[in-house]
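Here are some exercises to work through at your own pace. Keep the sequence and the model side by side, and try each task before reading its solution.

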Amino acid sequence: MTDLDVPGHSDPYLREHLHWEIMSYETPKPLIGIHRYVFLLFKQKTRKSVSPPTSRDRFNTRNFSQQHGLGLPVAVVYFNAQRENATHRR
């Protein structure tokens with residue numbers, strides 16, 4: 001799961017940020033604006049054939065897939081999330 005809009009949708013110069021993979025899950029917490037979160041599912045050729053990246057920041061799904069011979073994703077789904085201001089909480 002990656003966030004394509006770090007730090008914000010209008011200027012995502014830090015994209016992508018890795019939230020979940022072999023690494024532990026990190027909850028979405030956008031600081032500003034709407035963020036697109038993408039789940040990508042790849043089929044591994046063998047068990048444990050993928051090693052975790054060294055950093056969550058500036059993760060690149062395409063490079064990661066190529067480095068580990070994963071090919072194209074077999075499934076993709078995304079959602080949008082936005083931080084609510086304190087005055088708009090329910």
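**Exercise 1. Unusual backbone spots**

Where is the place of Pro7? Find it, then look at the backbone around it and at two other spots.

A word on the model before we start: it is predicted, so local features need pLDDT of at least 70 and side-chain atom pairs count only at pLDDT 80 or more, while totals for chains, interfaces and linings use all residues. Residues are numbered from 1 along each chain as its sequence is written, and side-chain values use heavy atoms, with hydrogens and water left out.

Step 1. Pro7 is in the loop between S1 and S2. Strands (E, at least two residues) and helices (H or I, at least four) are DSSP runs, numbered from the N terminus.

Step 2. The peptide bond leading from Val6 to Pro7 is cis, with omega near 0 degrees.

Step 3. Arg15 and Glu16 are also joined by a cis peptide bond, with omega about -20 degrees. Glu16 is in the loop between S1 and S2.

Step 4. Now go to Arg58, in the loop between S3 and H1. Although not a glycine, Arg58 has a positive phi of about 55 degrees. Its relative accessible area is 55%, so Arg58 is exposed; the classes are buried under 20%, exposed over 50% and partly exposed in between (1.4 Å probe, protein chains only).

**Exercise 2. The sheet**

Work out the strand order of the open sheet, and say which strands stand at the edges.

Step 1. Four strands make up the open sheet, in the order S2-S1-S3-S4 with antiparallel pairing. Two strands pair if DSSP finds at least two bridges between them.

Step 2. S2 and S4 are the edge strands; each has a single partner strand, so one side of each lacks a neighbour in the sheet.

Step 3. Zoom in on S1 (residues 2-3), which pairs with S2 in the antiparallel sense over two bridges. Here Thr2 stands opposite Leu18 in S2.

**Exercise 3. Salt bridges**

How many salt bridges does the count come to? Use this rule: a side-chain nitrogen of Lys or Arg within 4 Å of a carboxyl oxygen of Asp or Glu.

Step 1. The count comes to two.

Step 2. One of them joins Arg36 and Asp5, with the closest N and O atoms 2.7 Å apart. This pair links distant parts of the chain, with Arg36 in strand S3 and Asp5 in the loop between S1 and S2, 31 residues apart. Asp5 is buried at 0% relative accessibility, whereas Arg36, at 27%, is partly exposed.

Step 3. Glu26 forms a salt bridge with Arg56, and the closest N and O atoms are 3.6 Å apart. Because Glu26 lies in the loop between S2 and S3 and Arg56 in the loop between S3 and H1, the pair ties together parts 30 residues apart in sequence. Arg56 is buried at 15%, and Glu26 is partly exposed at 22%.

**Exercise 4. His68 and the core**

Is His68 buried or exposed, and what does its side chain reach?

Step 1. His68 sits in the loop between helix H1 (61-67) and strand S4 (75-82). Its relative accessibility is 19%, so His68 counts as buried.

Step 2. The side chain of His68 reaches the backbone nitrogen of Ser51 at 3.3 Å.

Step 3. Beyond neighbours within four places in sequence, His68 contacts Ser49, Val50 and Ser51, where contact means heavy atoms within 4.5 Å.

Step 4. Follow Val50 onward: among the residues that Val50 touches are Phe64 and Leu70. Val50, Phe64 and Leu70 belong to the largest nonpolar core, which has six residues and also includes Leu18, Phe42 and Phe59. Such a core is a set of buried Ala, Val, Leu, Ile, Met, Phe, Trp, Tyr and Cys residues joined through side-chain atoms within 4.5 Å.

Conventions
A polar contact is a pair of N or O atoms within 3.5 Å; within protein, one must be able to donate a hydrogen and the other to accept it, and residues adjacent in sequence count only if both atoms are side-chain atoms.
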